[in-house]
2 protein chains.
Amino acid sequence: MANVLVIGGDAAGMSAAAALRRRLPDAYEVVVLERDEWTSYSACGIPYWIAGDVDSADDLVARSPQEHRANGIDLRTGTEAVEIDVEAREVEARHLESGSVERIPFEVLIIATGAEPVRPDLPGIDGDGILGVQSLGDGQAVIGALERDPEHVVVVGSGYIGLEMAEAFVVRGIRTTVVERAPTPLSMIEPSLGQKVAAAMRGRGIELRTGAAVEGFVLDDDGRVTGVEIDGEMLPADLVVLGLGVTARSGLAADAGLPTGVKGGIVTDARQRVAGADRIWAAGDCVETRDRTTDLPIHLPLGTHANKQGMVVADDVAATLLEEPNRLTFPGVVQTAITKFCALEISRTGLGEQQARDAAFDPVVVSIETSARAGYMPEAGEMTVLLVADRGSRRLLGVQVIGTENAGLRVDAAATALTAGMTVDDVVMLDLAYAPPFASVWSPVQVAARAAVKALDA
Amino acid sequence: MANVLVIGGDAAGMSAAAALRRRLPDAYEVVVLERDEWTSYSACGIPYWIAGDVDSADDLVARSPQEHRANGIDLRTGTEAVEIDVEAREVEARHLESGSVERIPFEVLIIATGAEPVRPDLPGIDGDGILGVQSLGDGQAVIGALERDPEHVVVVGSGYIGLEMAEAFVVRGIRTTVVERAPTPLSMIEPSLGQKVAAAMRGRGIELRTGAAVEGFVLDDDGRVTGVEIDGEMLPADLVVLGLGVTARSGLAADAGLPTGVKGGIVTDARQRVAGADRIWAAGDCVETRDRTTDLPIHLPLGTHANKQGMVVADDVAATLLEEPNRLTFPGVVQTAITKFCALEISRTGLGEQQARDAAFDPVVVSIETSARAGYMPEAGEMTVLLVADRGSRRLLGVQVIGTENAGLRVDAAATALTAGMTVDDVVMLDLAYAPPFASVWSPVQVAARAAVKALDA
């Protein structure tokens, strides 16, 4: 009998398991099933491993299976959960190497099955050399492919993973083409900022094909990719990386009759309890969560949320088992994200213009240019800040930043302000850090907030 | 008749004057009296001018007297206000060059006289070569002194101006001694962080004398400084820079019977109206303001506050003259500050431990070490975050950060969180920017907040 059974040994699952192991008395068993051989690793670090900034997969592993076991967790790697029996309170698990199957009863179940990359159903998609970047195994496959000295890499999709991978290939001196369906790359930011990213990509020698849909992949007789077909044209490619985003890996939960929502995300309450289920929790990339600005459900797979949700799960499971009061809830997200392309930092928080409109706000959008330091400092840098506010309430809805040094992390103050429900007037009066090497007397986000005030008062 | 008379042509005064000139009909006169020949300049930039990062004083001037005049402001430089007659609603002004005196009647008076550096009444203090760094004139004097190739510079005081000046001299290859009365430099941060600053200063070859009180200055027969006496010892010095902080330059206001408070700061309400006075406003380094965390008065001379207060004054003066509703108030400060010493970034917001105790909070203080990027990234950097929380309410009271790249601006999110009255539990659940080049899955301020939660729950 597993008192606590966790499916999935990455950020959400292992952070919950580790916290429970520390908090529960030794008599409680904590069992984790993980298909792979790795645990607690940073998938976000894979592009930096490919780029050569990080030496090996091991460096991306925050805590190894051995370490987890030494801490008293019954961690079963190479073991895949194949069925959840909600009524019988059992999980059927298959040991991948031996093929043997067992049924593991649980008192508490934690589902942390993560996300799976989108692989569009296109001709040739299963060819050799067409790789995702979701797991350390994927990363290893890309590293292996690089040993064959590819001449042309095509990255499909220009979300942040696509962008980071493109940078990695460029750093390695490989001819790189990025194919993006939208008119500008990096759809997490508004097109006006996306144009700046496009310019930076092209400036580094990337062939960026926007407004282009992949129609299929050309394979040679051995089933190896040799090209990517877009709009009747064939792009040569001996390595293709898919960066088309992910959906929740929630088939197991859905098959068991558990509710799923946005992008297949398992539906939970703020304690991460699966809706309508008894003593079943879910956390991480496999769940849908709540956007704090709109109060609407959203699927936002990111390690930082997975870790927090894992902590919330551990608190509520322990409280339940030990009959203590619950202390933590997960309040949701505000869609903060950050990435960089070479020296260009790019970040966002809250809502974009269309998102704001979709959520029934009346958005006012302003965009300003400012410097990263006082304007008279050497290398003062350039920065663009786009800000979205609600006309009626004057509430801050979103901020996006693009620029060189000192740019990206500016969104943290904005994320905090919009979480607090501040108006743009409140933001103008915030006491933010000022000194010539870091900002002008008005911090970049405040320059944008002042422009918004002016637009609202016009 | 000056409809609007402004005393002082720097950040607060000129931002108010410029905004009023834009908003008031042309029939209204806006007159500004300024003793110096410069307007709207960045005193904070002076150390970077001394260091050679900025070419000339002109670069530090955001808007010149000529530009202000071209915009329709009656700007009278070289003109000192010598008396305010509150009853008669007149200011007596002296033209410094000619010595001529006139009385200028006003409908509205804005006092923006700034701050003056502390010059302790010590033997020899008036010797040549003992300089402050408050005005562009001071900066010019330091530049002039550097042309004499000083061998030993002594900086008295290690606040951020002292620190920035010490860096400037070190960059120029001059032997530099810093004398500080306290046991550690940079009293705006806790001593445990101050020790790291001390180590960095000594690492760059600065002779740092802490716990040392200056007893006097040794002058040669020409009245030029040759040494600084501390505790019976004589430090050789052919240039001395005073960085002992400032007090409000409010003598003129006090002589007129206007109320002053902390460090001589003129007392105003949230619209910057001078308490008890009719149609007299004050803004910038000459006023006391309100700390938003403690709700207590504080004197916090900083360009960023001066600009905001100038904007508030302009709004309220215009509203008064034009009989329109007032829109803006100045909500106070949270004591955010940032500086750097060479590669080390140092910042703070909110209250330190003793400040929290003095304000009747029950502070819990934690300090954590973390990396500026994901730990596996190259040059992940080091950062120390100290966090102060209130035991009873769990409210965030203060954050201090010291570290290399990506460190200093972290306080902006903390400043925003404490302005919003967030608890440390709220901070843990903030959605802050995460990607390997910028942070670990827990942002540094959140790592500290988690430590605070642990300490509070212990």
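Modeller: Let's start with the term that both sheets rest on: two strands count as paired when DSSP finds at least two bridges between them. Keep in mind too that this is a predicted model.

Colleague: Happy to. Which strands of chain B form the antiparallel sheet, and in what order?

Modeller: The order is β20-β21-β24-β23-β22 in chain B, an open sheet of 5 strands. From one strand to the next, the twist averages 10°.

Colleague: What makes β20 and β22 of chain B edge strands?

Modeller: Each has a single partner strand, so one side of β20 (337–341) and one side of β22 (363–370) are left without a neighbour in the sheet.

Colleague: How do you know that β22(B) and β23(B) pair?

Modeller: The cut-off is at least two bridges, and β22(B) shares 8 bridges with β23 (383–390) in the antiparallel sense. Those 8 bridges therefore satisfy the definition. If you want to look at one spot, B:V364 has B:A389 as its bridge partner in β23(B).

Colleague: And which strands make up the parallel sheet of chain B?

Modeller: That open sheet also has 5 strands, in the order β8-β15-β9-β10-β11. Its edges are β8 (130–131) and β11 (207–209), each with a single partner strand.

Colleague: Why is β9(B) called largely enclosed?

Modeller: A residue is buried with 20 or more other C-beta atoms within 10 Å. In β9 (152–156) of chain B, 4 of the 5 residues are buried, so the rest of the structure largely encloses the strand. On one side, β9(B) pairs in parallel with β10 (175–179) over 5 bridges, with B:V155 matched to B:V178. β9(B) also pairs in parallel with β15 (239–242), here over 4 bridges, and B:V156 stands opposite B:L242.

Colleague: Which helix joins β9(B) and β10(B) in a β-α-β unit?

Modeller: Helix α5 (160–171) of chain B, and the unit is right-handed.

Colleague: Over to chain A. How are α1(A) and α8(A) placed against each other?

Modeller: Their axes come within 7 Å and cross at roughly 35°, in a right-handed crossing. The contact divides into 11 nonpolar, 6 polar and 1 charged residues.

Colleague: What does chain A bring to its contact with chain B?

Modeller: Chain A gives 51 residues, and chain B gives 51 as well. On the chain A side, α8, β20 and α10 each supply at least two residues, and α10(A) has the largest share with 7. That side divides into 32 nonpolar, 13 polar and 6 charged residues.

Colleague: What makes the phi of A:Q335 worth a second look?

Modeller: Most residues other than glycine have a negative phi. A:Q335 is not a glycine, yet its phi is positive, near 65°. A:Q335 sits in the loop between α8 and β20 of chain A. A:C342, in the loop between β20 and β21 of chain A, has a positive phi as well, about 50°.

Colleague: Are A:Q335 and A:C342 buried or exposed?

Modeller: A:Q335 has 23 other C-beta atoms within 10 Å, and the cut-off for buried is 20 or more, so A:Q335 is buried. A:C342 has 13 such neighbours. Exposed would need 12 or fewer, so A:C342 counts as partly exposed.

Note on methods:
Residues numbered from 1 in each chain as written. Chains lettered and ligands numbered in written order. Predicted model: local features only at pLDDT ≥ 70, side-chain atom pairs only at ≥ 80, totals over all residues. Right-handed = clockwise from strand over helix to strand, strands pointing away. Contact = placed C-beta atoms within 7 Å. Nonpolar A, V, L, I, M, F, W, Y, C, P; charged D, E, K, R; others polar. Axes fitted to C-alpha atoms, helices over the stretch in contact; angles between N-to-C directions. Left-handed = near helix turned anticlockwise from the far one by under 90°.
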